[in-house]
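User: Please take a close look at one part of this model, the interface between the two chains. I would also like to know what each chain looks like behind it.

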There are 2 protein chains.
Amino acid sequence: MIVRPVCVIGLGLIGGSLLRAAAAAGRQVWGATLSTVDAEAAVSDGFLVESRVDKAVAMARERDAIVVVAVPLPAVDQTLSTIARHAPDCLLTDVVSVKGPVDEAVRRFTTRVRYVGGHPMAGTSASGWEAGSDGLFHDASWVLTVEDETDLSAWRDVAQLVLECGAQAVPTSVAAHDDAVARISHLPHVLAAVLAAVGADGGTLALALAAGSYRDGTRVAGTRPELVRAMCEGNRAPLLDAVDDALGRLGAARGALASTGSLGATLEAGHQAWNQLQEYRTTARPKARIDLSAPDAREALLALGARGGRVIGVDGDFVITG
Amino acid sequence: MIVRPVCVIGLGLIGGSLLRAAAAAGRQVWGATLSTVDAEAAVSDGFLVESRVDKAVAMARERDAIVVVAVPLPAVDQTLSTIARHAPDCLLTDVVSVKGPVDEAVRRFTTRVRYVGGHPMAGTSASGWEAGSDGLFHDASWVLTVEDETDLSAWRDVAQLVLECGAQAVPTSVAAHDDAVARISHLPHVLAAVLAAVGADGGTLALALAAGSYRDGTRVAGTRPELVRAMCEGNRAPLLDAVDDALGRLGAARGALASTGSLGATLEAGHQAWNQLQEYRTTARPKARIDLSAPDAREALLALGARGGRVIGVDGDFVITG
């Protein structure tokens, strides 16, 4: 298997951490960013950074690198347009937190590229190069999309990079990803904002009494709002479904508390869901292999992701799952 | 100032931690609990534990101890009835997470006791004696209620115990406490339950992708539902107000996302509220003193709590604030 160099466009928290992790794994790496702050910080940490995206991308074409789009969603179109002009055939992935709009943009700009949509489920509420580290993805789940057109050898090459970063690859469709993250990433940000505001409306006394439950429940409200907006607004339809489910459950809780005085159904359901997460995390999954050259490889990958499995290794044409 | 012994009724997470912390501060302590599991664990850790509440309370009368009610809200009435029979004049406090119902129960059962309602803003999602420690209250805020009838020398004696446990005393009224905790403690539990359930409704893939935002936002859904029910359902009217505020804000977010595609107002307000909490936490508060024998002492204490101040020391008839 070819160990490709890695070209990262965008050197914020995620892109910057990926650049470091790929370098730590022994890959040749370089980046490009329009942020002079991130560029200067990355250069002073010893990395090669182009200030022009087209130059970084042209170098990727010369060296058959994996190009990683690590810019915020609103900047994806412009970045893809540059890639389509300067490296139309490159192996392409991204780390943007919604997959539908990126997938559409890829089809629009660069129909010929080999593209695997990516989303590492890792982060902190801080942002920028300085907030990153080569260990950010350690033990994280990292979605890699599988669609009808996906070239599975490209998928395997991107999975290899993900594994080298310390993460595990979760194969899933673009649509299933966006539905899932609306529930477990975007809705948490919306609820954190709502909780933060309702708490602060209680005045200084409320802030003085705020302890663990409020602090944890509002933690991600510390993220820069423009980053949260980009990911939430970019996943509008699935997020609306998730918000409607939350409104339905919160309204039912309100009704029960007002009429019968009981929050039993709400709290029992929440506790049961919490237990499901712990069970998922502590369940041992037997190792197995999927032959990527088999005719049903695509279905096998998607079934693996749907039952919560991950790709934990690559061995020639096979991926090892667990 | 008399250093009174401490008698704790209920030896779960909070009562058990208080028993240990008071002992570590050099107080004579004993407890009582109807839980044989907690009793056995406390005894094997070297503490004196009565299996009968009446005997523990009678000993408190003999020794002029502070009696701490540390039972769940549904057991408060029975505990107070025993205290009223066996130690009607004792200095009484409690650590129950809502103050209105306890205050009413105290008036009903033991009009003659000197009572200061208490609520330490500390805890973990675990429960029982084994989950506690003498450091649980380190740097925590600990509400002590100030009402028209409150004997301020009793207030000072309870504040002294709170300080010895490593916490800081926040003076406030029963009603202001219950409004505040509805927003920063009870609503977080309800939202955590809602978020946990909406996430788990996304199936195994959603659980596989759940990262920090979902984990933090659902953490307190791991608490035993019967404990959460007791505190939330015991604070019904203020919690209904807080839930209505959350429903209003979440509904507005839903409407804006559906109509304009923007979550800007919601996320900006949440981020601003989050900043308010950080500012509160990093603001230095100058030391001052309140003379508890002065005619306006009650108002001074309540004003201190309303502006987010705390009592950090006791010096004769004075409390030191910061």
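Analyst: Buried area is the accessible area, taken with a 1.4 Å probe, that two parts lose on being put together, summed over both. The model is a predicted one, and on that definition chain B and chain A bury about 8000 Å² between them. Carbon and sulfur atoms account for 72% of that area. The contact draws on 91 residues from chain B and 91 residues from chain A. On the chain B side, I184(B), L209(B) and L250(B) lose the most area to chain A, and together they make up 9% of what that side buries.

Next come the polar features. Between chain B and chain A, 28 residue pairs are in polar contact, counting pairs with both residues at pLDDT 80 or more. The salt-bridge rule finds six salt bridges across this interface. In one salt bridge, the side chains of R254(A) and D244(B) meet at 2.6 Å, N to O. Helix α7 of chain B, residues 174-200, gives the most to the side of chain B that touches chain A, contributing 20 residues. By residue class, that side of chain B divides into 49 nonpolar, 26 polar and 16 charged residues.

Behind the interface, chain A holds an open sheet of six strands in the order β3-β2-β1-β4-β5-β6, with parallel pairing. Its edge strands are β3 (49-50) and β6 (114-116) of chain A, each pairing on one side only. At the β3 edge, β3(A) pairs with strand β2 of chain A, residues 29-32, in the parallel sense over two bridges. Here A32(A) has E50(A) in β3(A) as its bridge partner. Helix α4 of chain A, residues 76-86, lies across β1 (6-9), β4 (66-69) and β5 (91-94) of chain A, and runs at about 160 degrees to β4(A).

In chain B, six strands form an open sheet in the order β3-β2-β1-β4-β5-β6, again with parallel pairing. The edge strands of chain B are β3 (49-50) and β6 (114-116), and each of them pairs on one side only. Strand β4 of chain B (residues 66-69) runs parallel to strand β5 of chain B (residues 91-94), and four bridges join them. V67(B) has L92(B) in β5(B) as its bridge partner. Helix α3 of chain B, residues 53-63, packs on this sheet and touches β1 (6-9), β2 (29-32), β3 and β4 of chain B. The direction of helix α3 of chain B makes about 150 degrees with that of β2(B).

Note on methods. Residues numbered from 1 in each chain as written. Chains lettered and ligands numbered in written order. Predicted model: local features only at pLDDT ≥ 70, side-chain atom pairs only at ≥ 80, totals over all residues. Heavy atoms only, no water. Pairing = 2+ DSSP bridges. Contact = heavy atoms within 4.5 Å. Axes fitted to C-alpha atoms, helices over the stretch in contact; angles between N-to-C directions. Salt bridge = Lys/Arg side-chain N within 4 Å of Asp/Glu carboxyl O. Polar contact = N/O pair within 3.5 Å; in protein donor to acceptor, adjacent residues only side chain to side chain. Nonpolar A, V, L, I, M, F, W, Y, C, P; charged D, E, K, R; others polar.
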